[in-house]
Structures are given as C-alpha cells and as structure tokens.
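Here's a quick walk through one protein model, looking at how its strands are arranged and which charged side chains pair up. Have the structure open while you read.

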Amino acid sequence: MFTGIIEAVGEIKQITPKTNALSLHIAPGKLDMSDVKIGDSIAVSGVCLTVTSLADNRFTVDVSDETLRCTHGLNSVHNLVNLEKAMRLSDRLGGHLVSGHVEGVGEVIQFEPVGENIRFVIKSPAALLKYITVKGSLTVNGVSLTVNQIDGDHLEINLIPHTLAETNLKHLKPGERVNLESDMLARYVARLMDVASPTLSK
C-alpha cells in the first residue's frame, strides 16, 4: 500500500531481459534505501514492484510482460521514474490510499503554464471514468493528484511547483502516456453498488 506522495525520482540504468519479463536496475536518487531489503515493495511510477536485489547503490525489480503491456515507462533505459516505498501503518496518509496496481494508461492532452502552476489535462480510458469524480483523487505516474474538472474523458488537474519539482511530471508533453490508478475507495463503492443493484431492483 502507498500514499501517492513521491519520495524521489530515480533512473532506470540498465534493463536485463528475462523469460516473459524484464529486470530493471534502478538508481534510487535521493530515496533513503537504509531500511529497504530484498522482498520489499516499491512503487515505480505507480507500479508496485518487488525488490529482487540491492547492490552498488541500485536496486532491481522484475516486471512481467503482462505488467509492461498495461503500463508505460518501464521498458526504456534512462527513463526517470517516480519512487515511493510502501507505507507503514503508522505513517501519515498525506495523499490517498494507492495500491500500485495501474488500471489504465492515459494520454497527456495539455500541459501548459498558468502562472507558477501547470494546467494538466489527461484523456482517460473510458473504463476508469466511473471511478473518477471532481475533487476526487487520481494517481498519475504514482503521484496522488486532485481532479479539478471533468469534460467527457478529459480530466483537468492543477500541478503546483512543489509537485513539479519533486516528481517526473515536469517532463511530460502532450501526446505522452501516463500510468493511471483511480481511487481505491471509489472502486470498492462502485463494486458494492454493482453487486447490490439486482437486489435493489426487486
């Protein structure tokens, strides 16, 4: 479990092919690795991955072909990735509950300055829209953000300078793709409503 509050921006330094997977060798940037051990979970641009080795100020994670198929940004050397260690039960929940299971890949439609901030518009996959609401939470490349407006399948978000400084979102351009995860609580509520609807209709 994660919060969507990014702790560091790392870099994919090397990729090693494996059977039906890739092994990513990641430089962790300023991420504190002193308490990380093999088997721990780290969210890499929103994708929950398991640490398989630690050496030479790098950590490695394996990414299956299935995960690569439904995410973006994990298959290129030198890609910058947002990093967050799994939360402890005693941690402050500064963002929102994030599982690290990417549900879809969105497209950047607009990324333009408005004063010191950035007006950020994403085209969302249709399947996610029922879980997204105005002033609700959305995870973009692992970052917990608030949706300000919804126009069809376009989601408008305001990025403040701190978020830009501490994440890889500052490098985005129109046409690029981003990993999306909707609010976990919204998904559970929607599922409960779907299950209850046949009973309610009787």
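What follows covers the strands and then the salt bridges.

Keep in mind that this is a predicted model.

**The strands**

Let's start with the sheets. Six strands close into a barrel, and if you walk around it you meet them in the order 1-2-5-4-3-6, with antiparallel pairing. From one strand to the next, the twist averages 45°. To see one of these pairings, look at strand 3 (residues 41-44) and strand 6 (residues 80-85), which run antiparallel and share three bridges. Pick A43 and look across to strand 6: its bridge partner there is E84.

There's another barrel to find. Here six strands close up in the order 7-8-11-10-9-12, and the pairing is antiparallel. Neighbouring strands of this sheet are turned by 45° against each other on average, ignoring direction. Strand 10 (residues 143-151) pairs with strand 11 (residues 154-159) in the antiparallel sense, over four bridges. Q149 has E156 of strand 11 as its bridge partner.

As background, strands of a sheet pair through backbone hydrogen bonds, either parallel or antiparallel.

**The salt bridges**

Now for the charged side chains. Side chains of opposite charge can pair when their charged atoms come close. In this model the count comes to eight salt bridges. Here are some of them:

| Pair | Closest N and O atoms |
|---|---|
| K13 and E11 | 3.2 Å |
| K30 and E166 | 2.6 Å |
| D40 and K37 | 3.2 Å |

Why is the pair K30 and E166 worth a look as a tie between parts of the chain? K30 lies in the loop between strand 2 (21-27) and strand 3, while E166 lies in helix 2 (residues 161-166), so the salt bridge ties together parts that are 136 residues apart in sequence.

How accessible are these side chains? K30 counts as exposed, at 56% relative accessibility, whereas its partner E166 is partly exposed, with a relative accessible area of 25%. K37, the partner of D40, counts as exposed at 52% relative accessibility. K13 comes in at 33% relative accessibility, so it counts as partly exposed.

Finally, E112, R119 and E156 are linked in a network of salt bridges. You've met E156 already: it is the bridge partner of Q149 in strand 11.

Definitions and conventions. Residues numbered from 1 in each chain as written. Predicted model: local features only at pLDDT ≥ 70, side-chain atom pairs only at ≥ 80, totals over all residues. Heavy atoms only, no water. Pairing = 2+ DSSP bridges. Helix = DSSP H or I, 4+ residues; strand = E, 2+ residues; numbered from the N terminus. Axes fitted to C-alpha atoms, helices over the stretch in contact; angles between N-to-C directions. Salt bridge = Lys/Arg side-chain N within 4 Å of Asp/Glu carboxyl O. Buried < 20%, exposed > 50% of the residue type's maximum accessible area, 1.4 Å probe, protein only.
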